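This briefing goes through a single protein chain by topic. Please read it alongside the sequence and the structure.

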Amino acid sequence: MVVCKQWRHIAKDDYFWKCVCAKRWPSICKRPNPPTVTYYKLYQTFYKRKHQRTLLPPRLSFDDLEFFIDIWTEDKLIFSEVVPGPVLQRGIKIRPAGICDMLKFHLQGPEYKMILPVDPRFTIPWSQTVSVSVLVGRKDSNKVACIINKSMFDYIDRTASRALAFDYLVFSPYYPFISGIRAWISLLFMEDRSDGVIDVFGIEMDFCDAANSQEEVLWLLDMLDWK
């Protein structure tokens, strides 16, 4: 309605919204008596699904978990750490000076993410292929699950100073209808250097396909195929 006068004129006609509703809910337009609200109001109310879910408390906590993160450039191991769950949960409290505005905006965003500060930082030549593996272990049962299995950082967003890789999560056979959910991992680096390398100061991991809160992440991890 704010695009132009012609669109506003069209959109103020409730018959237009009846046609839109007829595409989504054909039977609603077959009622002998019209709805008590306008078709515009009907569409505005129901066209988006409202995700109001209350999850039970997760059975896991970050205190129960540790993450095994390994990063290679071609065949050389350049980063290998066992990271306690609470360290990933806390993230980066003080951001280093010299990161780009797009990355600052991303880090300040509302999406739930787990970030490991890298200290000391490491560098990677732009020309080299980089891969990553991530396992997660449970302290309560000594079981291990795979999150990312030797995936390549094949997308580099230089404007946001992030290199991204992903892999599909493998779930327990107890959850046969859950599939297609990705784990994402990103290398966070300083603004472009002139010497042809990226200067990595952090590693970020998220499950934004299906988990947007700490509780949802823990439920997702609990459903993995633990061995």
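**Surface and N-terminal region**

Ile-10 has a relative accessible area of 38% and is therefore partly exposed, the range between under 20% (buried) and over 50% (exposed). The model is a predicted one. The points below cover the domains, the surface patch, a hairpin, and selected buried residues.

*Domains and patch*

- Ile-10 belongs to helix α1, which spans residues 5-11.
- Together with Val-3, Trp-7 and Phe-16, Ile-10 makes up a nonpolar surface patch. The accessible area of these residues together is about 390 Å².
- The domain assignment divides the protein into domain 1, residues 5-47, and domain 2, residues 62-223.
- Between the C-alpha centres of domain 1 and domain 2 the distance is 45 Å.

*The β4-β5 hairpin*

- Strands β4 (residues 130-138) and β5 (residues 144-152) are paired antiparallel, with 6 bridges.
- One bridge partnership links Val-136 to Ala-145 in β5.
- The two strands, β4 and β5, form a hairpin with 5 residues between them. In the turn, Asn-142 has a positive phi of about 60°.
- In a regular strand, side chains point alternately to one face of the sheet and the other.

*Leu-60 and its surroundings*

- Leu-60 sits in the loop between α3 (39-46) and β1 (65-73).
- Leu-60 counts as buried because its relative accessibility is 3%, and the cut-off is under 20%.
- Beyond residues up to four places away in sequence, Leu-60 touches Leu-65, Arg-138, Leu-218, Leu-221 and Asp-222.
- Of these contacts, Arg-138 is 78 residues from Leu-60 in sequence, with a C-alpha to C-alpha distance of 8.8 Å.

*Helix α6*

- Helix α6 covers residues 214-222, and its buried residues are Glu-216, Val-217, Leu-218, Leu-220, Leu-221 and Asp-222.
- These buried residues pack against four strands: β1, β3 (114-125), β4 and β5.
- Leu-218, Leu-221 and Asp-222, buried in α6, are among the residues that Leu-60 touches.

*Pro-86*

- Pro-86 is located in helix α4, residues 85-90.
- With a relative accessibility of 18%, Pro-86 falls under the 20% cut-off and so counts as buried.
- Apart from neighbours within four places in sequence, Pro-86 is in contact with Phe-62 and Asp-63.
- Pro-86 and Leu-187 are 101 residues apart along the chain, and their C-alpha atoms are separated by 19 Å.

Key
Residues numbered from 1 in each chain as written. Predicted model: local features only at pLDDT ≥ 70, side-chain atom pairs only at ≥ 80, totals over all residues. Heavy atoms only, no water. Pairing = 2+ DSSP bridges. Buried < 20%, exposed > 50% of the residue type's maximum accessible area, 1.4 Å probe, protein only. Contact = heavy atoms within 4.5 Å. Domains from an automatic or database assignment. Patch = residues over 30% accessible without salt bridge, like charges linked within 9 Å, V, L, I, M, F, W, Y side chains within 5 Å. Areas by Shrake-Rupley, 256 points an atom, 1.4 Å probe, with all protein chains shown as cover. Salt bridge = Lys/Arg side-chain N within 4 Å of Asp/Glu carboxyl O.
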